[in-house]
Amino acid sequence: MRPLVTSPITIADHTWIAAEAMVMPGCSIGPGTIVGARSVVRSDLPGWKICVGDPCRPVKDRELNEQSKSYLNHS
């Protein structure tokens, strides 16, 4: 039997984690990052990226429109 491994998971503001994604213990997800459906986050992810896969990795920068930028500046 394996021991239970616990370590904090950090999820920054304005982050979206899609359905059935798994974030492993000890990982941090940067602000504004999108984690795609069924992705497996095994290491830290940078901010403002679109990340997918197993292991989850950045594939594209997240671009914001003017309305989104305005919202973020006021929140």
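Read from the N terminus, the elements of the chain follow the order β-β-β-β-β-β-β-β-α, which amounts to 8 strands and 1 helix. The model is a predicted one. Along the principal axes, its C-alpha atoms occupy a box of roughly 50 × 25 × 20 Å. Of the 75 residues of the chain, 23% count as buried. The chain exposes about 5500 Å² in total, and 54% of this area comes from carbon and sulfur atoms. Among contacts between residues at least 6 apart in sequence, 7% join residues at least 24 apart.

A good place to begin the tour is the sheet. Strands of a sheet pair through backbone hydrogen bonds, in either a parallel or an antiparallel sense. Here, 4 strands make an open sheet with mixed pairing, arranged in the order 2-5-7-8. Its edges are strand 2 (16-17) and strand 8 (56-61), each of which pairs on one side only. At one edge, strand 2 and strand 5 (residues 34-35) run parallel and are paired over 2 bridges; within this pairing, W16 has I34 of strand 5 as its bridge partner. At the other edge, strand 7 (residues 49-53) and strand 8 are antiparallel and are joined by 5 bridges. One of the residue pairs to look for here is V52 with its bridge partner R57 in strand 8. Strand 7 leads into strand 8 through a hairpin of 2 residues.

The interior can be followed from the side chains. In soluble globular proteins, nonpolar side chains tend to be buried together. The largest nonpolar core in this model has 8 residues: V23, C27, I29, V35, V41, L45, C51 and C56. Leaving aside residues up to four places away in sequence, V23 touches I9, I17, I29 and V41.

The cysteines of this core, C27, C51 and C56, invite a closer look. The count of disulfides comes to 0. C27 takes part in no disulfide, and the nearest cysteine sulfur, which belongs to C56, lies 9.4 Å away. C27 is nevertheless buried, because its relative accessibility is 2%. For C56, the closest cysteine sulfur is that of C51, but the two sulfur atoms are 4.9 Å apart and therefore too far from each other for a bond. A disulfide would require the pair of sulfur atoms to be within 2.5 Å. C56 has a relative accessibility of 6%, so this residue also counts as buried. In this model, then, C27 and C56 belong to the largest nonpolar core, while the chain has 0 disulfides.

Technical notes. Residues are numbered from 1 along each chain as its sequence is written. This is a predicted model: local features need pLDDT of at least 70, side-chain atom pairs count only at pLDDT 80 or more; totals for chains, interfaces and linings use all residues. Side-chain values use heavy atoms; hydrogens and water are left out. Two strands pair if DSSP finds at least two bridges between them. A nonpolar core is a set of buried Ala, Val, Leu, Ile, Met, Phe, Trp, Tyr and Cys residues joined through side-chain atoms within 4.5 Å. Buried means under 20% relative accessible area, exposed over 50%, partly exposed in between (1.4 Å probe, protein chains only). Contact means heavy atoms within 4.5 Å. Accessible areas come from the Shrake-Rupley method with a 1.4 Å probe; for residues, only the protein chains shown count as cover.
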